[in-house]
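Trainee: Could you take me through one part of this protein slowly? I'd like to see how a helix and the loops around it fit together.

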Amino acid sequence: MRCLVLGLDVGGTSSRALVADLDGRVLGTGSAAGGNPQSHPLGEAVEQVLTAARSALGGLDPAEVRRTAVGLAGVSRFADPAVAGRFDEGWRRLGLGGPVAVVGDCDVAFAAGTPAASGTVLVAGTGSIAARVEQHRVTGTAGGHGWLLGDEGSAFWLGREAVRAALRALDRAEAPGPLGRAVLDRWAPEPTDRRRALITAANAGPPIRLAELAPLVTTAAEDDPVAAEILRRAATLLAAAVADAGGDGPVVLAGGLLDGGPLDAAVRAELAERGRTDPRAAGPGAAGAAWLAARELVDDPAALHARLLP
């Protein structure tokens, strides 16, 4: 019987799975809707995760899966027997041949960027967090407090700052610059009382909806000093979070905002000024989870990492 591993990267909007063998060959991938039990009803979350896993397994025998690693935010939810029990029942239905380990999304993001046992990972997407990793486990964090208390430098934070900048221009009866115009065109297109319309639009939905405006900041930053200053502040705050998290070793950058765009470049420049000169980009989270599942089953985990996450 072959020895396979299954990695799952479970988020609020999507769930991704990857099956590989111990030579680093990817044998199947799958995806489904969000499966995090923090943001979805428990039964729905379980079914989405199982859907992604079944899709990745395809015609493979699930009994050949010797180890599974599942990465998701809010891993503490699995301390609840009802949550852990429902997922355990799902794994049994799937017919996996070995144990399932549930780890944090920062553990998976770090593993997706490096085979090193220790270092720091910075995640900037809808929210933001920096984490210190020791022996493949998060031992300390900075940020990650959610939209109300923090998430500085995140897509939510960028969107909120963009709205604030547009409102300041209106309050001062100044002509908005490129960023302000883009925000107003998106959320307050009617020419009558745009200030009130923008405030109403910003408060009409869940606060996290402000993250939709983040691309307006990164797009305008090249030509608009207001957008450029927001981006600079975001990079400074994110680099400071890395310093606050502490830890030696490599720095891994993960999340939708750190994907080679303007904020990624600004964060790298800030980190270089602080002596962290060679940050690494995280690869796919499901591959990082699969590597975590496999690393104790192989003689050379670093070589396997190079094949799974080239």
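Trainee: Let's begin with a loop residue: is Asp-193 buried, partly exposed or exposed?

Mentor: Asp-193 is partly exposed, because its relative accessible area is 42%, which falls between the 20% limit for buried and the 50% limit for exposed. Keep in mind that this is a predicted model. You'll find Asp-193 in the loop between H5 and H6. Its backbone does something to notice, too: Asp-193 has a positive phi of about 45 degrees, although it isn't a glycine.

Now for the helix itself, H4. It runs over residues 155-171, so count 17 residues there. From the first C-alpha to the last, H4 reaches 24 Å, close to the 24 Å expected at 1.5 Å a residue. Look at the start of it and you'll see Ser-154 capping the N-terminal end of H4. A side-chain oxygen of Ser-154 lies 3.4 Å from the backbone nitrogen of Phe-156. Just after H4, at the other end, Ala-173 takes a positive phi of about 55 degrees.

How much of H4 is covered? Mostly, it is: 12 of its 17 residues are buried. Among them are Phe-156, Trp-157, Leu-158, Val-163 and Leu-167, along with several alanines such as Ala-162 and Ala-166. Glu-161 is on the buried list as well. As for what they touch, the buried residues of H4 pack against five helices: H5 (178-187), H6 (194-204), H7 (214-220), H8 (225-245) and H9 (262-273). That brings Asp-193 back in, since its loop runs between H5 and H6, and both of those helices are on the packing list for H4.

Let's pick out H9 next. Asp-264 is found in that helix, and Asp-264 counts as buried because its relative accessibility is 7%, under the 20% limit. Leaving out residues up to four places away in sequence, Asp-264 touches Leu-253, Leu-257, Leu-258 and Asp-259.

H8 leads us to another loop. Gly-246 lies between H8 and strand S9 (251-254). Gly-246 and Arg-132 are 114 residues apart in sequence, yet their C-alphas are 6.0 Å apart in space. With residues up to four places away not counted, Gly-246 touches Thr-120 and Arg-132.

Now go back to the stretch before H4. Gly-144 sits in the loop between S8 and H4, and at 40% relative accessibility Gly-144 counts as partly exposed. Not counting residues up to four places away in sequence, Gly-144 touches Ser-128, Ile-129 and Asp-151. Try setting Gly-144 beside Thr-192: they are 48 residues apart in sequence and 38 Å apart in space, C-alpha to C-alpha.

One loop further back, between strand S7 (128-134) and strand S8 (137-143), you meet His-136. Like Asp-193, which has a positive phi, His-136 isn't a glycine and has a positive phi, of about 70 degrees. His-136 is buried, though, with a relative accessible area of 13%, whereas Asp-193 is partly exposed.

Last stop: the second largest pocket, with about 240 Å³ of space. Its lining has 14 residues, and Ala-101, Arg-137, Leu-292, Ala-293 and Arg-295 lie nearest its centre. By class, that lining has 7 nonpolar, 3 polar and 4 charged residues. Strand S4 (65-72), strand S5 (100-104) and helix H10 (285-294) each supply at least two of the lining residues.

Conventions. Residues are numbered from 1 along each chain as its sequence is written. This is a predicted model: local features need pLDDT of at least 70, side-chain atom pairs count only at pLDDT 80 or more; totals for chains, interfaces and linings use all residues. Side-chain values use heavy atoms; hydrogens and water are left out. Helices (H or I, at least four residues) and strands (E, at least two) are DSSP runs, numbered from the N terminus. The expected span of a helix is 1.5 Å times one less than its number of residues. Buried means under 20% relative accessible area, exposed over 50%, partly exposed in between (1.4 Å probe, protein chains only). Contact means heavy atoms within 4.5 Å. A polar contact is a pair of N or O atoms within 3.5 Å; within protein, one must be able to donate a hydrogen and the other to accept it, and residues adjacent in sequence count only if both atoms are side-chain atoms. On a 1 Å grid over the protein atoms alone, a cavity is a set of points where a 1.4 Å probe fits but cannot get out, and a pocket is an open set with protein on both sides within 12 Å along at least five of seven lines; lining residues have an atom within 4 Å of a point. Grid points are joined across faces, edges and corners, and a volume is the space filled by probe spheres set on the points. Ala, Val, Leu, Ile, Met, Phe, Trp, Tyr, Cys and Pro count as nonpolar, Asp, Glu, Lys and Arg as charged, and the others, Gly among them, as polar.
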